[in-house]
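Visitor: I would like to go through this structure with you and ask, term by term, what justifies the words used for it.

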Amino acid sequence: MIFEFALEPEVLSKPESIRYFLEQFDVHKGRLIAEFPKHWSSLVYKMWARQLKPVERKRYGILLESLSDKILASDADRPYVSADWLENAETVQDSNRNPFRAIVATTNPRSHSAVLVADDVDEATPLWHVKRQDKIERKPAEFARVATPLIQISKHILLIDPYFDPCDPTFQSSLRAMLTPLAKRSSTPARIELHCVIHPRSSATFWSDCKTDLPGLIPTGIIVSVIRWTLTPGGERFHRRYVLTERGGLAFEGGLDRGADGQTTDVYILEATLRTERWKEYQSDSTSFARDADGPVKIVGTRRMW
């Protein structure tokens, strides 16, 4: 779905490569650039300073600044210890601690199976090609696996499931799994919200159940706002299940609760324009639904991670 690629700075040395690769990385494309090493952007600038004319450096520098939305922050499990970028990337790949989807480089001198030569890359290239829709098991670990890259790069995170029940273990286990990666972030998201709807099976004690049952699922220091909505005449149907952020969106056909053994759900990456439209429906000024006057309620996490 959404994968992380190591991109050798030298790949961006030619105008045609710059244009192609800067266009091919984005959440809705299913590809993010690994910040490898932590000073990856400075390596690109230094390379451009050596090879490009001043006018070109300025033009591409603006593009590189816009690339920040497509970069996944540096991971401590990926040490950078030698002067050769490609050797470092191959060492990380072979360690199996946190491998990349693939390594995109100018050459592949050691014929490494995970290295893609930039000049040969196109949509049909194995490892470069990514599915933007897929079928996954309805298990918390699978929800977390698919959603984590998006959650890790986002400041505003909305989890949306109309039938969320704070007392239901199937929802609890999924929420716990999807929020766990937040404990490893260097900065806390500005906003995390859980959205659902009032429906005939909604418990009369919903809000008190949230306060009782949810804190232990949320990492310490993380705050989740629970928001409930009611339907409006002529408004949208509150049925879809999403993970929406300011950077992208994922849709889950079968819900965010854990399913029975053998059950699957379709999941797909939202195109940028559709994500924008759906995002608006769950904001405070939404006209698609009406907010429950008794909410929202902020839940402060108490779950110790280590």
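**Reasons behind the terms**

Guide: The side chains of Glu193 and Arg191 are joined by a polar contact of 3.3 Å, and I should say at once that the model is predicted.

Visitor: What makes the 3.3 Å between Glu193 and Arg191 a polar contact?

Guide: The cut-off for a pair of N or O atoms is 3.5 Å, and the value for the side chains of Glu193 and Arg191 is 3.3 Å, so the pair falls within the limit.

Visitor: Where does Glu193 lie, and is Glu193 buried or exposed?

Guide: Glu193 lies in strand S8, which runs over residues 191-197, and its relative accessibility is 8%, so with buried meaning under 20% Glu193 counts as buried. Leaving aside neighbours within four places in sequence, Glu193 is in contact with Ile157, Leu158, Leu159, Ser225, Ile227 and Tyr282.

Visitor: Why is His199 called buried?

Guide: His199, in the loop between S8 and helix H7 (206-213), has a relative accessible area of 15%, which is under the 20% limit, and therefore counts as buried. Not counting residues up to four places away in sequence, His199 touches Pro162 and Tyr163.

Visitor: How do you know that Cys196 is in no disulfide?

Guide: A search of the whole structure finds zero disulfides. For Cys196 the nearest cysteine sulfur is that of Cys210, 6.8 Å away, whereas a disulfide needs two sulfur atoms within 2.5 Å, so Cys196 is in no disulfide. Cys210 is likewise in no disulfide, its nearest cysteine sulfur being that of Cys196. Cys196 is buried, with a relative accessible area of 1%, and Cys210 is buried at 0%.

Visitor: Why is the pair of Tyr20 and Phe21 called edge-to-face?

Guide: By the pairing rule the count comes to 16 aromatic pairs. In the pair of Tyr20 and Phe21 the ring centres are 5.0 Å apart, within the 6.5 Å limit, and the planes stand at 85°, over 60, so the pair is edge-to-face. Phe21 counts as buried at 2% relative accessibility, while Tyr20, at 25%, counts as partly exposed.

Visitor: What makes Phe25 and Trp128 a pair that ties together parts far along the sequence, 103 residues apart?

Guide: The rings of Phe25 and Trp128 have centres 5.5 Å apart and planes at 85°, so this pair is also edge-to-face. Phe25 lies in the loop between helix H1 (15-24) and strand S2 (31-34), and Trp128 in the loop between strand S5 (115-117) and strand S6 (133-137), so the pair links parts that are 103 residues apart in sequence. Phe25 counts as buried at 0% relative accessibility, as does Trp128 at 0%. Phe5, Tyr20, Phe21, Phe25 and Trp128 form one aromatic cluster, and Arg31 lies over the face of Trp128, at 4.1 Å from the ring centre.

Visitor: How do you know that the buried residues of helix H8 are on the same side?

Guide: The buried residues of H8 (residues 272-281) are Arg275, Arg278, Trp279 and Glu281. These residues cover an arc of only 150° around the axis, which puts them on the same side of H8. On the other side of H8, Thr273 and Lys280 are exposed. What covers the buried residues of H8 includes strand S7 (156-160), S8 and strand S9 (223-231), with strand S10 (242-245), strand S11 (249-252) and strand S13 (289-291) also included.

Note on methods. Residues numbered from 1 in each chain as written. Predicted model: local features only at pLDDT ≥ 70, side-chain atom pairs only at ≥ 80, totals over all residues. Heavy atoms only, no water. Phe/Tyr/Trp six-rings, centres within 6.5 Å; stacked < 30°, edge-to-face > 60°. Buried < 20%, exposed > 50% of the residue type's maximum accessible area, 1.4 Å probe, protein only. Helix = DSSP H or I, 4+ residues; strand = E, 2+ residues; numbered from the N terminus. Lys NZ or Arg CZ within 6 Å of the ring centre and 35° of its normal. Polar contact = N/O pair within 3.5 Å; in protein donor to acceptor, adjacent residues only side chain to side chain. Contact = heavy atoms within 4.5 Å. Arc of directions from axis to C-beta.
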